[in-house]
Amino acid sequence: MKTLAIIIGKITLIFGKILKRGSSLPGKLALFIDKDILKKLKYPEIKIAVTGSSGKGSTSKLIAKVLKDNNYKVTFNNEGSNLDWGIATAILKDCNLYGKITSDALVLEIDERFAKVIFEKINPDYLVLTNLTKDQPPRQHHVDIVYHDIIDYLKPNIKIITNMDDPYLRNIEKDTNNKNIYYSIQKNKYSYKTQIFENLNIYYCPYCNTLLKYDYYNFEALGKYHCPNCDFKYQTPSVLGTNLNLEIGTISINDKEILIGGNMLYHAYNTLAAYTILKELKLKEDNLVKSLNKYNKILVKEYQNNNITFYPISCKAENSTTYNQALFKTIYDNRKKDIIIGWKEISRRYEHFDVSWLYDVEFELLNNETINKIYACGIDKDNIKKRLILAGIKPQKIITSDSIDDIKEKVLKDKIETVYGILNFDYIEPFNKAFKEEEK
Amino acid sequence: MITIANLYPKELNLYGENGNIKALAYALKQKKIKYKIINIDKENKLEFNKYDFIYLGSGRKAYLDIVKERLKPYKEDILNAIKKEKVFLVTGNALSILEFLDLYEINYYEERKVSDVTATCTLCNELIKGFQNTEYLIKTTSNLIFNIEQGYGNNDTLMEGYTYHNLYVTSLIGPLLARNEKLTNFFVELLTK
């Protein structure tokens, strides 16, 4: 059955190539013929799984690109989905008829609820866990459920690359015997002393349930923490990012400046996650830095139109942490600004109309004098407006509209120095189409 | 002065449930009624005689059990506060916490109940909009609050919630008050009677 599944999968891949249609169909067919096909293949020595509530796509892509740049042949599910069909399709591409994957490294971006299947069938050597945050409540329910869906199925050989700055992720040390390899961002010019976010994932010590104390916060519950009652505390990580500069998009590791691929804090954390696993694979530091800088050019940055600076920030609807990062960015920008908030749809996975996550986003941070107008756009314009009013923002500052096109003229005419787009990724294109001159 | 006690927001903080406190505070402010919000953490003492409005919102399962154990010694204090017509609002899966009062029974579901909700009720003239994302629903089918048009009711019925004096317990989130202005006004009127 194994060989038949591989042959059918490969034939479907060839047809897909001829018809120029990429899909997860080859993997679907192979799994239909032999549901255990993924268990029966011979994998390369390096097997890396990347998961988390956000950042798993860009982090896994960066890991795969750097490995390729350093002459590794890499199998990576960059085209298909991060569930079994997509993963099987990617693997079939680099698999011979005997079931041997002919690459040097397997890099898989996996859905966090699907990790347990990959642990059982492929048994990776490394799990890069970017983060675990509030995300898609109707599907994920809450973070403990996702945590246990990953941790309870870990095999003892799997080494975990994750973030020292997040005390919630230190639960893994408590609950498993797996080796943890950490990265962290040192105190920087954006760090703060008094918490500015509510509804965090963790406040109390994972060991003795005492309120954690912080020397500083980097963002939400991330920072340098210690328990005043027991030995639990932030510890020196394997990789420490220093001199974070989000304006130019850089961080330093061992005094070498590295591009982070954007201007957001999550770009820095994702880059550190990639750096940590690649260092673990013994890539030479100079080559690693060179490759990271080659692929981490800033993809999204501000642009000018009509003497206004436009800044689109891609967030993930139903993930309050990504919106909080965007809002966090606006508060250390002292320029006078308009803010546009919106999305086409909350979820492509289901039809639920849950807006509770809006109340996990700290829109209270927009309650400051640098904000001129806030535009609430799209299907949830009224819910966004309600949330903003309850955040203390004056109703006269809030304008609702069905689309970005409807407010385009007003925004351009108002000529406020800066316009931030705090948008679901499905609204980035309409935003750029409206305001980026060359894309008109 | 209305005193709002938000119980254990560091532990019961799923689904933006503190939006209920924000909505209530906003409505009070609109009506120029003075209020103060006290966030009660586990390190703080509970004094039910000092509160006018007591709120419990959704939390992760581990915390629901911890908070329930913490509140059990206050059973008589809570029952007395209810009889003195103090207003209690309990939303989402926090309904499991006050089970120990023995006023109502609950059902646990291995598969969580997740649904949009539309409902009507006698508390206000408004089509209630909300959401459910819970492993617990109320089992008792008396002292109901909502007639469910869409969503899950108590014990497989189309009626949801539990009320006794000014205790209001419901599986609905939303946040419920933030999405339903007239229902918020009902609570404002209750507090200012």
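This section describes the domains, chain contact, helix packing and strand pairing of a predicted model.

The domain assignment divides chain A into domain 1, covering residues 41-295, and domain 2, covering residues 303-439. The centres of domain 1 and domain 2 of chain A, taken over C-alpha atoms, are separated by 28 Å. Where the two domains touch, domain 1 of chain A contributes 19 residues and domain 2 of chain A contributes 22 residues. On the domain 1 side of chain A, H7 and helix H10 (265-280) each supply at least two of the residues that touch domain 2. H7(A) accounts for the largest share of that side, with three residues. By class, the side of domain 1 of chain A that touches domain 2 consists of nine nonpolar, five polar and five charged residues.

Chain A also touches chain B, through a contact that takes 19 residues from chain A and 23 residues from chain B. Among the elements on the chain A side, helix H7 (137-140) and helix H13 (381-390) each provide at least two residues. The chain A residues that touch chain B comprise nine nonpolar, five polar and five charged residues. Helix H7 of chain A thus appears in the contact with chain B and in the contact of domain 1 with domain 2 of chain A.

Two packed helices are described by the angle between their axes and the distance between the axes. In chain A, helix H2 (residues 25-33) packs on helix H5 (residues 84-93) at an angle of about 95 degrees, and the axes are 7 Å apart. An angle of 65 to 115 degrees counts as roughly perpendicular, and H2(A) and H5(A) are therefore roughly perpendicular to each other. From H2(A), the contact involves A:Pro26, A:Gly27, A:Lys28, A:Ala30 and A:Leu31. From H5(A), the contact involves A:Asp84, A:Trp85, A:Gly86, A:Ile87, A:Ala88, A:Thr89 and A:Leu92. The residues in the contact of H2(A) with H5(A) are divided into seven nonpolar, three polar and two charged.

Further along chain A, strand S10 (residues 250-253) pairs with two other strands. Strand S9 (residues 239-245) of chain A and S10(A) are antiparallel and are joined by three bridges, with A:Gly241 opposite A:Ile253 in S10(A). The hairpin of S9(A) and S10(A) has four residues between the strands, and in this hairpin A:Gly249 takes a positive phi near 75 degrees. S10(A) also runs antiparallel to strand S11 (residues 256-259) of chain A, and four bridges join the two. In S11(A), A:Lys256 is the bridge partner of A:Ile253. Two residues lie between the strands in the hairpin of S10(A) and S11(A), where A:Asn254 takes a positive phi near 50 degrees.

In a regular strand the side chains alternate between the two faces of the sheet. Such alternation is found along S10(A). A:Ile251 and A:Ile253 point to one face and are buried, whereas A:Thr250 and A:Ser252 point to the other face and are not buried.

In chain B, six strands form an open sheet of mixed pairing, in the order S2-S1-S3-S4-S10-S9. Strand S2 (35-40) and strand S9 (162-164) of chain B are at the edges, each with a single partner strand, so one side of each has no neighbour in the sheet. From one strand to the next, the twist averages 15 degrees. Strand S1 (residues 2-7) of chain B is parallel to S2(B), and the two pair over six bridges. B:Ala5 stands opposite B:Ile38 in S2(B).

How values were computed
Residues are numbered from 1 along each chain as its sequence is written. Chains are lettered from A and ligands numbered from 1 in the order in which they are written. This is a predicted model: local features need pLDDT of at least 70, side-chain atom pairs count only at pLDDT 80 or more; totals for chains, interfaces and linings use all residues. Two residues are in contact if their C-beta atoms, placed from the backbone, lie within 7 Å. Ala, Val, Leu, Ile, Met, Phe, Trp, Tyr, Cys and Pro count as nonpolar, Asp, Glu, Lys and Arg as charged, and the others, Gly among them, as polar. Axes are lines fitted to C-alpha atoms, for helices over the stretch in contact, and angles run from 0 to 180 degrees between N-to-C directions. Angles under 35 degrees count as roughly parallel, over 145 as roughly antiparallel, 65 to 115 as roughly perpendicular and the rest as oblique. Two strands pair if DSSP finds at least two bridges between them. Domain bounds come from an automatic or database domain assignment. A residue is buried if 20 or more other C-beta atoms lie within 10 Å of its own, exposed if 12 or fewer, and partly exposed in between; C-beta atoms are placed from the backbone.
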